[in-house]
Amino acid sequence: MCNHPCHHGGTPARPPSRPMSRPTRRQMLKRAAALAAALSLGPGLSPARADAPTLDLPPPGPGDTCPVCGMFVYKYPEWVTTVLYADGYADHFDGAKDYFKYMFDMEKYALGRKADQITGMGVTEYYGLKLIDAREALYVVGSDVLGPMGHELVPLMNAVDAQDFMRDHKGQKLLRHDEVTPELIDALDQGGPF
């Protein structure tokens, strides 16, 4: 179960039994453990990585459908992903998985548009439900959290959130945007292995 007091059904942490004017020993140890986890992320993931920047992209309307699967996107605000083009046109997706399918095969899904026309790509991060830069997000796969289309890449804003999510939701892999491959997307559609 999620340890964050969040919208995803997690149980909030137990309230302290005394007023908190300074951190308890347990809280300090927890913070130290989170820092240690962030410092041991593995190859290619920087422990000093800041939060992925938030973006102001147009939200999907009631008639907007995912160009990959055809689902109405507005029904899944926790999973919205958006690609914005220079002319103001936006495509919306019901999860990062369909966004990556789109990016890997724009000829099929983007109706004559090209990657060099894109001015913004945003994914909704899991804990705060903010739209963040898709290229700066971290993605967890193989967790117990499913999106509208099943197994999903779960976007997270920073390394500490990613490590918390991996621990709380049994994540199997932590990836950057450029590490996501078409083979991984196929594995998600098949339910693994990742």
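Tyr-126 is a good place to start: with a relative accessibility of 4%, it counts as buried (buried means under 20% relative accessible area, exposed over 50%, and partly exposed in between, using a 1.4 Å probe and protein chains only). Keep in mind that this is a predicted model, where local features need pLDDT of at least 70 and side-chain atom pairs count only at pLDDT 80 or more, while totals for chains, interfaces and linings use all residues. Residues are numbered from 1 along each chain as its sequence is written, and side-chain values use heavy atoms, with hydrogens and water left out.

Now for the rings. Rings of Phe, Tyr and Trp (its six-membered ring) pair if their centres lie within 6.5 Å; planes under 30 degrees apart count as stacked, over 60 as edge-to-face, and the rest as tilted. The count by this rule is nine aromatic pairs. One of them joins Phe-93 and Tyr-102 edge-to-face, at 4.7 Å centre to centre with 70° between the planes. Both Phe-93 and Tyr-102 are buried. Tyr-126 also has a partner: it meets Phe-165 edge-to-face, 4.9 Å centre to centre and 75° between the planes. Tyr-126 sits in the loop between strand 3 (118–124) and strand 4 (131–133), and Phe-165 in helix 4 (residues 159–168), so this pair ties together parts that are 39 residues apart in sequence. Here helices (H or I, at least four residues) and strands (E, at least two) are DSSP runs, numbered from the N terminus. Phe-165 is buried too, at a relative accessible area of 0%.

Back at Phe-93, ring pairs link this residue with Tyr-99, Phe-100, Tyr-102, Phe-104 and Tyr-139 into a cluster.

Helix 4 also holds Ala-159, which counts as buried at 4% relative accessibility. Ala-159 and Asp-51 are 108 residues apart in sequence, yet 8.1 Å apart in space, C-alpha to C-alpha.

Next, the strands. Five of the five residues of strand 1 (residues 81–85) are buried, so the strand is largely enclosed by the rest of the structure. Thr-81, Val-83 and Tyr-85 point one way, and Thr-82 and Leu-84 the other. Two strands pair if DSSP finds at least two bridges between them. Strand 1 runs antiparallel to strand 2 (residues 90–93), joined by four bridges, and Val-83 has Asp-91 as its bridge partner there. The two strands form a hairpin with four residues between them, and Gly-88 in the turn has a positive phi of about 95°. Strand 1 also pairs with strand 3, again in the antiparallel sense, over five bridges, with Leu-84 opposite Gly-120.
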